[in-house]
Amino acid sequence: MSDPITLALVAMSLPLVACVLATVLALRKGPAAKFAHVPLVLACGTAAVLGIVVLTKVAAADSQNHRFISDPMTWFAAGHLKVSFQIVVDPISAVMLAMVTFISTWIALFASGYMHGEKGYARFFAVMSLFVFSMCGLILANNFLLLVAFWEGVGVCSYLLVGYYFEKPSAAAAARKAFLVTRLGDVGFILGIFLLWKMGGWNTSLTALFDYLTKTPPDHYELTAACLLLFCGAVGKSAQFPLYVWLPDAMEGPTPVSALIHAATMVTAGVYLLARCAPLFAMCPEAQITVAWVGGITAILAAFIGLAQHDLKRVLAYSTVSQLGYMFMALGTGGAISPVFAVTAAMFHLFTHAFFKALLFLSAGSVMHAMGGVIDMRRFGGLRKLLPVTHLTFLCGAASLAALPLFSGFWSKDMVLESLEFAAEGEKYTGGYFVLLLVGLVTAFMTAFYTFRAYLLTFWGPERIPEEAGHHAHESPARMTVPLMVLAVGAVAVGIAIEPFNHKFSHFLNDAPTLQQAFAASKAPEPPPHKFNWTLAGVGTAASLFGLSLALVMYRNGTEKLPALVEPVFAASRNKLYVDEIYGAAFVKPGGVLAFLSAAFDGFLDAVARLISAVPRVLGWWVRPVQNGLVQFYALSMALGLTVLLSFVAFRIAR
Amino acid sequence: MNPLSDPQLQHTFTGVFRLVAPEIALVGTACVVFLFGSAFNRRWIWFTVSLLGVIAAMVLAGTVRTPMPEVLTAAPIVPDAAANFLRWVALISAAVLLFLTWPEATRGHAAEYYGSLLVAVAGVSLTGRANDLVSLFLALELISIPTYILLYLPSRSRPSQEAAAKYFLLSVLSSAVLLFGFSYLYGLTGSTNLSVITDALTKANAEALSPMALVGIVLVVAGIGFKITAVPFHFYAPDVYEGGPAGVVAMLAVLPKVAGFAALARLLGLVGADARHLPFDTATQLPLLLWILAILTMTVGNVLALLQDNVRRMLAYSGVAHGGYMLMGVVVACSLPEAAGTVIKLEGAPKVIGPTVGGIDALLVYLVAYALMTFGAFAVILYLSTPAREVGAIDDLAGLGKTHPISAGAMTVFLLSLIGLPLTAGFAGKLLLFIGTFTAPADTAAMRNLYRLLAVVAAVNSAVGAYYYLRVVGVMYLRTALTPIVGSRAVPTLMASVALAGATVFFGIYPQPLLTAARRAAPVPELPVPAVADAK
C-alpha cells in the first residue's frame, strides 16, 4: 500500500473521483451544487499530502534505485505497436506531482470563493478536477502515447475552462485559439513520437526507449529531427515563440484558471516534457541550441510586450511567457554543460515560478474580485489601503518575479543565468550562449520594470475605484486570502529553503536515472563543484534593481505619464510589437485567399462527390424491384445464385 | 481387432457427454420449461428458471474439465479454444436475450418462448464444437427449428405470419442445399468426421485439384450463405426483420450468423488446423469465390440500406453488409498458406514477423462487436415499441433525444459502433479486419492485389454506411416528434440496452481483453524462419 507507485496512482485518481462527484452535482442542479468545490479541494489536498509522501519516499530510496516503474498493463496492441498503461515515479515526476497538487489545492480553495455565485459553479469544478487529473497523468505517464492522451486531455480541459464564459464571444474565440494553436504544435509532437517509435526498436515506453537509444545510438540527423519535432509540441503547449499568441488571449477564462494554467500546470508541460526527454536532447547539440534560442527570443520578446500593457492579467501572462523562455534557455544548455545541471536549473525555476506566478494571478484575481471584474490598470489605483492583504501578497510575488535578492525567484533565475554562463565557457556555440546570457540579463531588467510598473499602478497613488465595483469594494473573504498568504510564504521562502545553502533540490534531482543517462550520453564535462557566482549574481541583481528603480521613478504617482522619448517604444510594446498584425498579414490573409480558393475547389469536389454519391442510389433503385416480397422468387434467386457460383468454379477450373 | 473394442475409441465416444454438459443443461432446462409451461404459464417463473438454466450452463462451462478426445478422427465434438470462445459468446447472448425479450414473452406463451430460446442457444454453442457433419447439421437445425416457433409465437398479425412462413420455406431450402453439399464431402472421403475430411482433402489437393470437392464445398457455402445473409441468399432478411417480433429478430440477426461463420470456418479447415495446409487454399479458387461473395454482400447490403425508410429493414440490410465485412476475415484466413512473413533482426536471433492478424481472430472479435450492437439496436426498438404502436419507420424515432434520452444515447452508441467510429467496439473489429485484409500476403497467382482492393471496397462501403446510420442519429436528436413515443417501460430491456451500450464503449476504449481471448481462440499461425534469412 505504501510503495510510491500505489501512492502516486491514488494521488492521480483522486481528482478523477472529484470530477465524477462534481459532475453528479452539476447534473443534479440542486442546492447541492454549491458544494461542488468540496471534492476537488479535498482530493487535491489529499493528493498533495500523498505527493509529498512520495517525494520523501523517493528521496529515502537507496542510492541505486530512485526510480519506480509500475507493472505495465496493456492498453492496446496492434502489430508492433504496443501501448501499455504504465507510470513512473522518479525524482523529476515526484517533484512535479507534489508541486502540481499542492498549488492546485490552494487555487481550488481560492476558486471556491472567487467563483461563488457564478452560473455553472459545479461545471467549473468538474472540469478543473479533470484538468488536475490529466496533468497528474501527464506527469506520471511512462509511455509516449499515454502521455499524448493526457496531454490532449489537458488541452481539452483548458479549452473548456478558457471558454468558461462561452456566451461571451471573445471568450469562445480565445478558447478556440488556445486549442488550435497548441494543436499546431501537437502535430509535430505526434510525428516525433512515431519517428522515435520507429528508431527506438518499436518501443513507446519512455524508459525502454531511452535505454534503447542510448545503447544503440541512431542516425544523428534523424534523432535531431525527432527532438525538434518533440520540441514543437513543447513550443505549442508552453507558449513559446512563435506559438505564444494564445496564452495572453487565454486570460478570458476565470482568473483561477489563469493561475492554474499559467502557474502550476499546462504551460509547464512542455518544459517537463523536455526535462523527461533529456537523454535524447543531450545527444543533439543542434537541437539544444535551437531550444535555447527559441527560449531566449521568447523571453525578451514577451518581456518587451509586457512593458506597456494596460491589462493587469495580460502583464502577468506575458511575464509567464517570458519566464518559460528562461526555462527553455536553461534546458537548451544541456549537452554543452552537464544536462543534470541544465535540467535542474530549468526545473528549479519552474518550481519557484509556480509559487510566485500562482500567487500573482490569484492576487490579480482578488483585485478583480474587489473591482467588480475590472482589470484595466488605468481605471483603478491606490488600492493598498483598500486591499491590505492582497497588496502585501502581490508585493511578495512581484519581488520574487523581479528576482530581488533573497526572494525565491532570485535563486532560480540566478541558476538559469549560471547555466548559460557555463555554456558560454564550453566548447560548442559559445558565442550563442553568451548572447543568450546577455538576453537573460536584459530580460531580467525588463521583468523588474514591468512587474513594479504593474504593482505601482495598481496599489499606489490616489485611490481610484471604477464604478463597476460599487460602493462596497472590500478585501476578499478568508478562503481567498488564506491561499494568497500560503503562496506568498512559498514565493518568499521556498527558494532559499531548498537550494542555495543546502542544495537539497539539486541533489534530489541529481539522482534521477534519466538525468544520469543524459549525462552519460552527452559527453559533457563533469560540472565543477557548485560555487555561488558572486559576479553573475551581482550583475543580475543590478539589472533587476535598475528596472525596479526606473519603475519607481516613472510611476511613483501611481499613474502613467510617459516622457515623449519613450512613447514610441511603449506604443510598440502596447501593440505587441505588431506580432498579431504580422501574423494576420502573413498567415491569416493569405489563409483567407487560400480558404476562398479551397472553398471553390471544394464546391467542385462536392459536385463530383454528389454525382458519385448518386451512384449507390441509382444502383439501389435499379436493384430494388428484385426485393418483391414473393417467396418463390426468393427461392429462385437462391437457386440461381448457387448455379452461378457452381458455374464460376467449373469455369475457373476448366480454364 | 474390432475397432469398436478399442478402448481409446470407446473412451472418445463416451467422453462426448462431458464435452457438451452445458448444452445438455440448456436443453434440459428447455425441456422442463416446455413440459410445465402449459400448466403454469407465468412469465416471471419461466424467466427465472431459464436464467437459472443459463447460469447453470455457465457454471458447467467454467468448471467441467474438457480434455481433448484421444481419437480426433472419431470424435464428433472437439472442445478446442475456438469452441470455448463461441460457447461463451452463446451463453452470454442467452443471458442478454432473456432480459432483452422481456416484453415479448408475454403471458400465454412465455414458456415456449424461453424454451425455444434456450434450445437455439444450445445449438449455437454446439455448432462451435461440432467435428462431424452429422453433429454440425444437428446443431444448425437446433437453431433453425426453435426460430420457426419463435417467429410464429408472439404476434399473430399477418406480416408476422408471412415472415414466419418465408423464413421457414427458405431455411428448409438452404438446409437441403447444405445437406447436398455434405453428401458430396462424405462421398469423397468416406467419412463424416471433419478432421478426416480436412486431412483427406488437404492431401488430395496437394496432388491435384479435386473438382468434386469444390462442388461440395460450394454447395456448403451456399447453404451457410443463408445463415450469414450472403448475397444472393439474403432475400429473406429484410422481409423477416420487418415483419417478425423485434426480440426474435434480434436473436435471428445474431445467432445464425455466429453459428454460420463458426460452421464455415470449421468446414474450410480454418480453425485449429495447420495454417500452411488447408483443404481449400488460394490455389483452389474458393477464396476468390468468397472474395466475390464478400464484396457483393457488403455492397448490395449498403446500397439497399441507403434507400430504406424503415429502421428494421435498414438494420436488416446493414446486417447483410456486416456479413460481408465478416467474410473478409474468412478470405484472409484462407490466404495464410501463402504468408511468408518478414524477417527482422532485433537484438539476438532473427525473428519472423508474420501477418499481425490471422483472419479468424478478427472475425471472432467482429462477431462479438456485431452481437453487441445488433442486440443493442433491437433492444432499443423493442423497448420503444408497444403493441399499439410498433416502431418501424425511421421517422418514428424523431425527437427521441428529448423524450427518451437514455434510449437515444444507447441507440447513438450502437449506430456509431455500426459505422465503426473510434472508441466503439465496432471500430476495434473493423480495424482488425482491415489490417488483416491489407497485410494479407498479396502476390499470389490467384489473388494478386485483390486483398488490397477488398480492403478499399470495404472502406468505401463503411463510408457509405455512415450516411444511413447518421441519418437515424439526426432524426433522433434534431427533429421533434409529432406524436412522441410512449415506450413499453420494460425495465429489463432497458437494462439490457444500457449494459450493451456500456460494453460497446468499454471494448472500444479497452479492446485488449477481447483481442486476447480471440487470439487465444484462433491463434495467428507461427511462421518458420525461412532458410535464406536475409541479414538486412
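Me: Two residues are in contact if their C-beta atoms, placed from the backbone, lie within 7 Å. With that in mind, what share of the contacts in chain A with a separation of 6 or more comes from residues 24 or more positions apart?

Reply: This is a predicted model, and the contacts are counted on its chain A. Taking those contacts in chain A that have a separation of 6 or more, the part that joins residues 24 or more positions apart amounts to 83%.

Me: How compact is chain A for its 655 residues?

Reply: Chain A holds 25 helices and four strands. Its radius of gyration is 28 Å, and the globule rule gives 26 Å for 655 residues, which is close, so chain A is as compact as a globular protein of that length.

Me: What box do the C-alpha atoms of chain A fill, and what percentage of its residues count as buried?

Reply: Taken along the principal axes, the box filled by the C-alpha atoms of chain A is roughly 100 × 60 × 55 Å. Among the 655 residues of this chain, the part that counts as buried is 55%.

Me: Which element of chain A gives the most residues to the side that touches chain B?

Reply: The contact between the chains takes 28 residues from chain A and 31 residues from chain B. On the side of chain A, the elements that give two or more residues are strand 2, helix 24 and helix 25, and the residues there divide into 17 nonpolar, eight polar and three charged. With 13 residues, the element that gives the most to this side is helix 25 of chain A.

Me: Which helix supplies the largest share of the largest nonpolar core?

Reply: The largest nonpolar core has 233 residues, and those that touch the most other members are A:L97, A:L331, A:A346 and A:L359. Leaving aside neighbours within four places in sequence, A:L359 is in contact with residues including A:T393, A:L484 and A:A491. The largest share of the core, 22 residues, comes from helix 15 of chain A.

Me: Is A:A537 buried, partly exposed or exposed?

Reply: A:A537 lies in helix 22 of chain A, which covers residues 534-555, and, not counting residues up to four places away in sequence, A:A537 touches A:D414 and A:F532. A residue is buried if 20 or more other C-beta atoms lie within 10 Å of its own. Because A:A537 has 19 C-beta neighbours inside 10 Å, it counts as partly exposed.

Me: How many residues of helix 6 of chain B are buried?

Reply: Helix 6 of chain B runs over residues 110-129, and from its first C-alpha to its last it reaches 29 Å, close to the 28 Å expected at 1.5 Å a residue. This helix is mostly covered, and the number of its 20 residues that are buried is 20.

Me: Which elements cover the buried residues of helix 1 of chain A?

Reply: Helix 1 of chain A has 25 residues and reaches 37 Å from its first C-alpha to its last, and its buried residues include A:L7, A:M12 and A:L25. What covers the buried residues includes strand 1, strand 4, helix 2, helix 3 and helix 4 of chain A.

Me: Which element of chain B has the lowest mean pLDDT?

Reply: Over chain B the mean pLDDT is 86, and 92% of the residues reach 70 or more. Among the elements of chain B, the highest mean, 94, belongs to helix 5, while the lowest, 59, belongs to strand 1 of chain B.

Methods
Residues are numbered from 1 along each chain as its sequence is written. Chains are lettered from A and ligands numbered from 1 in the order in which they are written. This is a predicted model: local features need pLDDT of at least 70, side-chain atom pairs count only at pLDDT 80 or more; totals for chains, interfaces and linings use all residues. pLDDT is the predictor's confidence in each residue, from 0 to 100. The radius of gyration is taken over C-alpha atoms; the globule rule is 2.2 Å times the number of residues to the power 0.38. A residue is buried if 20 or more other C-beta atoms lie within 10 Å of its own, exposed if 12 or fewer, and partly exposed in between; C-beta atoms are placed from the backbone. Ala, Val, Leu, Ile, Met, Phe, Trp, Tyr, Cys and Pro count as nonpolar, Asp, Glu, Lys and Arg as charged, and the others, Gly among them, as polar. A nonpolar core is a set of buried Ala, Val, Leu, Ile, Met, Phe, Trp, Tyr and Cys residues joined through C-beta atoms within 7 Å. The expected span of a helix is 1.5 Å times one less than its number of residues.
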